[in-house]
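User: I would like to go through this model with you and ask, for each label you attach, what justifies it. Please set the values against the criteria wherever a criterion decides the matter.

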Amino acid sequence: QVQLVESGGGLVQAGGSLRLSCAASGNSFGIIDMGWYRQAPGKQRELVARLTSGGSTNYADSAKGRFTISRDNAKNMVYLQMNSLKPEDTAVYYCNAILWVTGALRTYWGQGTQVTVSS
């Protein structure tokens, strides 16, 4: 059983910063890639940023220049540093991981962490 647990969400004023963390734990697994998605009320879940095992990154246009994804392989953690936050960044942020588990690729989601940016 593999679990993803996010932390670091909260309430921040526009222009402020937050750092989200996601820890992968459980039985033996290999990380293929990890990323962050978000879902605002009434909207579909969307990609924010991804980081592959090879170090390649992919950012949503809305995140470029403001958000940075990083990973600590030794701790099986992924982070999302969010700067210059805007009210439109308000959403539930979900950690996502594609892992190699028991001989198969599997996708996992965290429970989500709320980020609220006030104007």
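Analyst: A good place to begin is strand E6, where Asn58 is the bridge partner of Arg50. The coordinates come from a predicted model, and every value below is computed from them.

User: How do you know that E5 and E6 are paired?

Analyst: Two strands count as paired when at least two bridges link them, and E5 is joined to strand E6 (residues 57-59) by 3 bridges, so the criterion is satisfied, with the strands running antiparallel. The two form a hairpin with 4 residues between them, and in its turn Gly55 has a positive phi of about 100 degrees.

User: What makes E4 and E5 a pair?

Analyst: Strand E4 (residues 30-39) and strand E5 (residues 46-52) are connected by 6 bridges in the antiparallel sense, and the requirement is at least two. Within this pairing, Arg50 of E5 is the bridge partner of Gly35. The hairpin of E4 and E5 has 6 residues between the strands, and Gly42 takes a positive phi near 75 degrees there.

User: Why are E1 and E7 called edge strands?

Analyst: The sheet in question is an open one of 4 strands in the order E1-E3-E8-E7, with antiparallel pairing. Strand E1 (2-7) and strand E7 (67-72) each have a single partner strand, so one side of each is left without a neighbour in the sheet. From one strand to the next, the twist averages 15 degrees.

User: Which bridges support that strand order at its two ends?

Analyst: At one end, E1 and E3 pair in the antiparallel sense over 6 bridges, with Ala24 of E3 as the bridge partner of Leu4. At the other end, 6 bridges join E7 to strand E8 (residues 77-82), also in the antiparallel sense, and Met82 of E8 is the bridge partner of Phe67.

User: What distinguishes the two faces of E1?

Analyst: The covered face of E1 consists of Val2, Leu4 and Glu6, whereas Gln3, Val5 and Ser7 make up the uncovered one. This can be read against the general rule that side chains in a regular strand alternate between the two faces of the sheet.

User: Why is the contact between Tyr37 and Trp109 called edge-to-face?

Analyst: A search of the whole structure finds 1 aromatic pair. Its members are Tyr37 and Trp109, whose rings are 5.1 Å apart centre to centre with 65 degrees between the planes; the centres are therefore within the 6.5 Å limit and the angle is over 60 degrees, which is the edge-to-face range. Tyr37 lies in strand E4 and Trp109 in strand E10 (residues 104-109), so the pair ties together parts that are 72 residues apart in sequence.

User: Is Trp109 buried, partly exposed or exposed, and what decides it?

Analyst: Trp109 has a relative accessibility of 39% and therefore counts as partly exposed, since buried would require under 20% and exposed over 50%.

User: What makes you say that a charge sits over a ring?

Analyst: The charged end of Arg45 sits over the ring of Trp109 at 4.6 Å from its centre, and the charged end of Arg19 sits over the ring of Tyr79 at 4.0 Å from its centre. Both distances are within the 6 Å that the criterion allows.

User: Which residues and strands contribute to the largest nonpolar core?

Analyst: This core has 32 residues, of which Met34, Trp36, Leu80, Met82 and Tyr93 touch the most other members. At least two residues each come from several strands, among them E4, E5, E8 and strand E11 (113-118), while E9 gives the most, with 6 residues.

User: What is noteworthy about the phi angles of Ser84 and Thr102?

Analyst: Most residues other than glycine have a negative phi. Ser84 nevertheless has a positive phi near 50 degrees, and Thr102 has one of about 45 degrees. Ser84 lies in the loop between E8 and E9 and is partly exposed at 40% relative accessible area; Thr102 lies in the loop between E9 and E10 and, at 67%, counts as exposed.

User: How do you know that the chain as a whole agrees with a compact globule?

Analyst: For 119 residues, a compact globule would have a radius of gyration near 14 Å, and the protein chain has 14 Å, so the two agree. The chain comprises 0 helices and 11 strands, and 43% of its residues count as buried.

Terms used:
Residues are numbered from 1 along each chain as its sequence is written. This is a predicted model: local features need pLDDT of at least 70, side-chain atom pairs count only at pLDDT 80 or more; totals for chains, interfaces and linings use all residues. Side-chain values use heavy atoms; hydrogens and water are left out. Axes are lines fitted to C-alpha atoms, for helices over the stretch in contact, and angles run from 0 to 180 degrees between N-to-C directions. Rings of Phe, Tyr and Trp (its six-membered ring) pair if their centres lie within 6.5 Å; planes under 30 degrees apart count as stacked, over 60 as edge-to-face and the rest as tilted. Buried means under 20% relative accessible area, exposed over 50%, partly exposed in between (1.4 Å probe, protein chains only). A charge sits over a ring if NZ of Lys or CZ of Arg is within 6 Å of the ring centre and within 35 degrees of the ring normal. A nonpolar core is a set of buried Ala, Val, Leu, Ile, Met, Phe, Trp, Tyr and Cys residues joined through side-chain atoms within 4.5 Å. The radius of gyration is taken over C-alpha atoms; the globule rule is 2.2 Å times the number of residues to the power 0.38.
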